[in-house]
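Okay, thanks for having me, everyone. I'll take you through one structure today, starting with a sheet and ending at a chain contact. Let me put it on the screen.

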Amino acid sequence: MSRAVDGTTPRRVQEWLRDRLFPSWPSSVATLAILYLAWKTIPSFVDWALFHAIWSPQNAGLCRQVMGHGACWAFVADKFRFFLFGTYPYDQQWRPALVIAILVGLYALSAFQTLRRSRLAPLWLAGLSAIGVLMCGGLFGLIYVENERWGGLTLTLLLSTLGIAFAFPLSIFLALGRRSEMTLVRWLTIAYIELIRGVPLISVLFMASVMFPLFLPVGVSIDKLLRAQLAMILFAAAYLAEVVRGGLQAIPRQQDEAAQALGLNYWQRMGFVILPQALRISIPPLVNTVIGLFKDTSLVVIIGLFDFLTAIKISLTEPPWSGFGVEAYLFAALGYFLFCFPMSLYSQALERRGARDTEVKTLREN
Amino acid sequence: MRVKPTLQTATLLFTLFSSAHAHGGATADAALKKGFLRCGVNTGITGFAQPDSNGEWRGVDVDFCRAVGAALFGDARKVRYTPLTAQQRFTALQSGEVDLLARNTTWTMSRDTSLGLNFVGINFYDGQGFMVARRLKVKSAKELNGAAICVQSGTTTELNLADYFRAKNMKFKPVVIEKLEEVLNAYFARRCDVYTTDVSGLISARVSRAVNPADHIILPEVISKEPFGPAVRHGDDHWFDVVKWTLFATIEAEDLGLTSKNIEQQAQSHDPAVQRFVGVKGDFGKMLGLDNRWAYNIIKQVGNYGESFDRNLTPLGLDRGLNKLWNRGGLMYAPPMR
């Protein structure tokens with residue numbers, strides 16, 4: 001028995017190699033070329049990133065000497081808290097740290113579906129209010145911190161989470177409005193969606209931050225962060241609305257007619273019959289849009305807010321760290337990846353689950 | 001760049017509109033009522049305004065904001081910073097989002113007049129210069145005929161450069177790059193012979209990026225005037241006075257030899273100029289509608305102009321140069337306090 005295994009394993013490996021790596025001449029050449037490239041780049045990258053790197057901020061002085069041969073992670077180590085929390089008061093930075101933990105916890109709880117939907121809503125409400133209290137302070141003996149000082153990864157997460165949280169319900173109404181039989185409502189929503197989709201986010205942010213204050217009466221000013229957040233919500237809603245509309249269009253008209261025949265009114269038909277199905281099938285494209293919006297938050301740099309990427313870029317302008325852009329941007333990429341990749345895994349899992357559910361249903365129906 | 005004309009039109013409209021109901025003396029009152037001063041600063045430029053690793057703002061512009069805070073509240077910490085991009089800065093000031101703009105902004109005639117701003121003075125004199133590698137053995141900008149010159153695009157720097165070479169009837173090959181980081185990479189990778197920007201920028205690039213700073217020299221020619229100054233909006237002369245005299249107080253203190261370290265002891269001085277400054281004699285604070293110890297508080301909590309310069313710009317390798325006091329060969333001059 002053991003001999004048989006010994007005998008077959010190398011053959012299997014051989015087969016696998018032939019089938020997957022060297023099935024034909026062109027493929028063999030491609031495989032060899034890729035291996036050669038990897039052999040050329042990976043060891044030197046590992047050397048640079050790990051073995052010749054400077055890690056401790058105490059040794060930051062050595063960074064210039066090893067520049068080009070070794071990475072200067074001392075830069076990231078020294079600036080780490082600035083990347084995460086921006087200009088939040090140093091001795092209070094446990095508060096945004098806790099906020100990040102709460103947000104990640106909420107994402108995880110919502111994704112794993114360990115809790116029922118009905119429990120999730122109050123949990124989010126409680127979490128978001130806790131976040132509000134923690135960030136602003138002024139209650140329970142916490143020092144008040146004005147929102148100009150919020151920044152870093154905390155700000156990126158807050159902008160994107162609140163942006164999606166408010167944009168999503170708005171987008172459902174927009175999607176319904178666009179398919180509405182009431183002409184005025186339909187025209188208005190079409191105009192809104194097409195207008196917002198017709199301009200880049202940068203110009204929406206720019207309008208909100210630079211032009212909008214000019215039209216307010218003297219002495220009235222709406223907070224800069226709030227304006228940026230509103231701009232993000234309005235922008236995100238238009239894109240999400242189109243995704244939701246895609247889902248709505250995939251639901252056969254007969255379903256609506258059947259529900260109508262049962263005597264359900266418009267909101268009942270939408271709420272109980274159409275939307276639950278439409279939203280389920282539009283989850284993968286929704287997550288896709290959400291990932292895009294998460295990364296789009298980095299555009300707030302043009303209105304002087306310190307999100308994660310901006311905090312990293314600003315640190316680069318400090319003379320001791322000037323020229324360590326590769327390290328900085330690698331760290332930024334890692335940061336964004338750590339949030340975007342789980343989102344993408346989540347949407348794949350949902351797709352698989354969705355496929356399974358439909359299979360089960362068809363089996364039952366048969 | 002296409003937004004510019006629209007923005008300027010809007011700004012102009014706003015200026016006309018807002019002058020109709022300008023509010024006199026209201027800025028200080030409103031700030032006192034709020035309990036803090038709102039100061040517009042750069043989003044991040046070393047030596048002028050930049051958050052450090054602890055998230056605290058540092059720089060000469062930040063020190064100036066703190067000085068106004070000390071004058072107004074007697075507490076330099078009562079300042080909140082609003083980081084502003086180049087496009088946002090004037091709107092933020094005009095719309096009242098910030099009480100004061102201290103954002104390494106060049107004082108020009110159009111900004112001072114049609115944009116509805118008042119520059120209170122100059123807290124840093126800069127000008128455009130050239131840096132070349134020592135190996136090229138160039139001694140003067142007049143020897144740069146035919147040189148490849150690295151310059152950032154979309155800045156006045158680019159225009160000044162073209163003007164200078166046209167006036168001198170010389171030719172040059174521009175290497176125009178948008179991002180600062182990349183323009184520096186290009187220069188230090190020898191893609192061009194010369195790098196041009198404001199002298200302060202040349203010096204900090206040399207200190208931070210050159211393997212051996214002595215390999216690069218900054219040529220003596222300075223081809224433009226870039227005076228940076230804090231600004232307030234039109235329509236509140238009292239606030240204009242407060243901010244203007246805060247700047248003068250920091251310069252005057254250096255002139256009188258008053259520093260954050262010795263001012264406590266100097267407060268007992270018999271020198272009438274010092275007595276007026278610290279508020280022992282005369283009612284100079286009251287004339288500004290402030291506490292008589294306003295200037296004392298500025299120096300005690302923030303320091304004089306020289307201290308701020310030494311703390312923020314000297315470590316970058318910047319020489320005082322034009323920013324020395326008038327009696328030491330520079331341009332820094334404060335009218336008498338009497």
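Quick bit of vocabulary before the sheet: when I say two strands pair, I mean that DSSP finds at least two bridges between them. And please keep in mind that this is a predicted model.

So, the sheet in chain B. Five strands make it up, and reading across you get β10-β9-β11-β8-β12; the sheet is open and the pairing is mixed. At the edges sit β10 (172-177) and β12 (216-218) of chain B, each with a pairing partner on one side only. On average, neighbouring strands here are turned by 30° against each other, ignoring direction.

Let's zoom in on one pair. β9 of chain B, residues 147-152, runs parallel to β10(B), and the two are joined over 6 bridges. If you want a spot to click on, take Val151(B): its bridge partner in β10(B) is Val176(B).

Now the helices. Helix α7 of chain B, residues 180-188, packs on this sheet and touches β8 (128-133), β9, β10, β11 (194-198) and β12 of chain B. The direction of α7 makes about 160° with that of β9(B). Helix α8 of chain B, residues 199-209, packs on the sheet as well, with contacts to β8, β11 and β12 of chain B, and its direction makes about 125° with that of β11(B).

How far does the confidence go in chain B? The average pLDDT is 87, and 93% of the residues score at least 70. There are weak patches, though. Residues 1-7 of chain B stay under 50, and the model gives them 4 contacts beyond four places in sequence. Residues 12-24 of chain B are also below 50, with 16 contacts beyond near neighbours in sequence. Where pLDDT is low, the predicted coordinates should not be read in detail.

On to the contact between the chains. Chain B puts in 36 residues and chain A puts in 34. About 3100 Å² is buried between them, with carbon and sulfur atoms giving 58% of that. Which residues of chain B lose the most area to chain A? Those are Ser53(B), Gln88(B) and Glu97(B), together 17% of what that side buries.

Glu97(B) comes back when we look at charges. There are 2 salt bridges across this interface. In one, Glu97(B) meets Arg227(A), with the closest N and O atoms 3.2 Å apart. Glu56(B) and Arg149(A) also form a salt bridge, at 3.5 Å from N to O. That pair links the loop between β2 and β3 (57-58) of chain B to the loop between α6 (117-136) and α7 (152-178) of chain A. Over all chains, the salt bridge count comes to 19.

Last item: 5 residue pairs are in polar contact across the interface of chain B and chain A, both residues at pLDDT 80 or more. Okay, over to you.

Definitions and conventions
Residues are numbered from 1 along each chain as its sequence is written. Chains are lettered from A and ligands numbered from 1 in the order in which they are written. This is a predicted model: local features need pLDDT of at least 70, side-chain atom pairs count only at pLDDT 80 or more; totals for chains, interfaces and linings use all residues. Side-chain values use heavy atoms; hydrogens and water are left out. Helices (H or I, at least four residues) and strands (E, at least two) are DSSP runs, numbered from the N terminus. Axes are lines fitted to C-alpha atoms, for helices over the stretch in contact, and angles run from 0 to 180 degrees between N-to-C directions. Contact means heavy atoms within 4.5 Å. pLDDT is the predictor's confidence in each residue, from 0 to 100. Buried area is the accessible area (1.4 Å probe) that two parts lose on being put together, summed over both. A salt bridge is a side-chain nitrogen of Lys or Arg within 4 Å of a carboxyl oxygen of Asp or Glu. A polar contact is a pair of N or O atoms within 3.5 Å; within protein, one must be able to donate a hydrogen and the other to accept it, and residues adjacent in sequence count only if both atoms are side-chain atoms.
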